[in-house]
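Me: Could you take a close look at one part of this structure for me, the packing of its interior? Please begin with the cysteines and go on from there.

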Amino acid sequence: MQPENDWRKRLNVYIKLMRADKPIGTLLLLYPTLWAVWIASEGQPEFLTVAMFSLGTFLMRSAGCVANDWADRNFDGHVERTKNRPFATGAVSGKEAKNLIVALCVCAAMCLIPFSWQTWVLALPALFLAFTYPFMKRFFPVPQFYLGLAFSFGIPMAFMAIRGEVPAIAWWLFAANVFWTLAYDTIYAMADKPDDVKIGMKTSAITFGIFDAEVAMLCHFVFDVLMIRVGLLLGANWVIWTALIIVIMWQWQQYQRIFSRDRQACFETFLSNNQIGWLWLSAIAAHFAFV
């Protein structure tokens with residue numbers, strides 16, 4: 001019984017290291033990719049495409065989390081929200097983490113087998129951004145922008161995989177997602193702001209100072225404007241514009257919650273961006289259903 005119990009304990013550690021028990025990050029990375037899949041396929045994506053991009057997103061987000069925790073192994077113990085992560089508690093070794101990263105990346109690469117070599121080429125900058133992001137927090141004043149670039153590369157990859165090209169609408173969607181990521185991850189950083197100041201970490205919440213909440217809302221505004229552009233290029237119907245109005249209402253509610261700068265309120269507000277992601281996905285899918 002002992003070996004079986006040990007195996008289960010290691011699996012539980014790896015699940016926590018990959019943040020598989022906290023799917024919000026995977027969802028926020030997956031939604032924009034699926035927006036692109038639905039648009040590129042004009043509302044009729046193949047099951048294999050959806051499945052491979054969804055699985056690949058989960059695997060790469062997991063690999064990124066492991067890499068991030070390894071890079072932050074000397075910092076997480078000093079942050080309230082991360083003090084119980086596997087590296088902070090000494091539950092995992094650097095060798096284990098590196099082996100897990102390699103395994104996850106190999107599995108993610110296998111998800112690209114059905115697609116063109118150009119799609120593989122676009123995966124390279126995505127890989128580079130994902131694994132250099134943790135180090136941006138050491139010196140780059142707005143690492144959330146860098147994260148936005150990393151979180152957006154599924155968009156051109158999806159278009160290349162489906163259409164064999166990356167048209168203008170893909171880059172407008174890419175830009176929109178960069179600002180959405182900057183908005184919600186700034187709110188996320190607001191929850192950790194006191195700890196990040198103490199340990200010398202760079203975040204957009206620290207860089208923007210007393211205007212952190214307002215700049216987050218400005219980024220939401222730019223996101224909305226860019227999504228309007230995407231909608232116009234789509235020849236969007238009433239479903240898209242209704243979704244936009246609801247999203248703006250939700251964003252205003254976010255500002256009302258984070259205005260106090262309360263740490264728990266900021267974290268819960270960050271989580272609420274999940275509903276923006278699924279609403280836009282539903283609206284894009286409905287747009288093509290009504291065409």
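Reply: Happy to! A disulfide is a pair of cysteine sulfur atoms within 2.5 Å, and by that rule the structure holds zero of them. Cys 105 is in no disulfide, and the nearest cysteine sulfur, in Cys 107, is 9.4 Å away. The sulfur of Cys 219 is too far for a bond, because the closest cysteine sulfur, in Cys 266, is 15 Å off. Cys 219 is also buried, with a relative accessible area of 5%; buried means under 20%, exposed over 50% and partly exposed in between, for a 1.4 Å probe and protein chains only.

A word on the basis: this is a predicted model, in which local features need pLDDT of at least 70 and side-chain atom pairs count only at pLDDT 80 or more, while totals for chains, interfaces and linings use all residues. Residues are numbered from 1 along each chain as its sequence is written, and side-chain values use heavy atoms, without hydrogens and water.

Now to the cores. A nonpolar core is a set of buried Ala, Val, Leu, Ile, Met, Phe, Trp, Tyr and Cys residues joined through side-chain atoms within 4.5 Å. The largest one has 74 residues, and those with the most contacts inside it are Trp 35, Ile 39, Phe 159, Leu 173, Phe 223 and Trp 280. Its largest share, 13 residues, comes from helix 9 (residues 168-199); helices are DSSP runs of H or I, at least four residues long, numbered from the N terminus. Leu 173 touches Pro 32, Trp 35, Ala 36, Ile 39, Ile 155, Met 227 and Val 230, leaving out residues up to four places away in sequence, where contact means heavy atoms within 4.5 Å. Apart from this core lies another, of 16 residues, and Cys 105 is among them, along with Leu 17, Ala 67 and Ala 108.

Helix 2 deserves a stop too. Leu 29 is found there, and so is Thr 26. Leu 29 counts as buried at 12% relative accessibility, and Thr 26 is buried at 10%. Beyond neighbours up to four places away, Leu 29 touches Thr 57, Arg 61 and Phe 151, while Thr 26 is in contact with Thr 57, Phe 58 and Arg 61. Leu 29 and Arg 61 lie 32 residues apart in sequence, yet their C-alpha atoms are 7.6 Å apart in space.

Finally, a helix pair. Helix 12 (residues 238-258) packs against helix 14 (residues 273-290) at an angle of about 170 degrees, with the axes 8 Å apart. Axes are lines fitted to C-alpha atoms, for helices over the stretch in contact, and angles run from 0 to 180 degrees between N-to-C directions. The angle makes helix 12 roughly antiparallel to helix 14, a label for angles over 145 degrees (under 35 is roughly parallel, 65 to 115 roughly perpendicular, the rest oblique). Among the residues making the contact are Trp 238, Ile 246 and Trp 250 of helix 12, and Trp 278, Trp 280 and Phe 290 of helix 14. Trp 280 is thus a residue to look at twice, since it is also listed among those with the most contacts inside the largest core.

Methods:
Helices (H or I, at least four residues) and strands (E, at least two) are DSSP runs, numbered from the N terminus.
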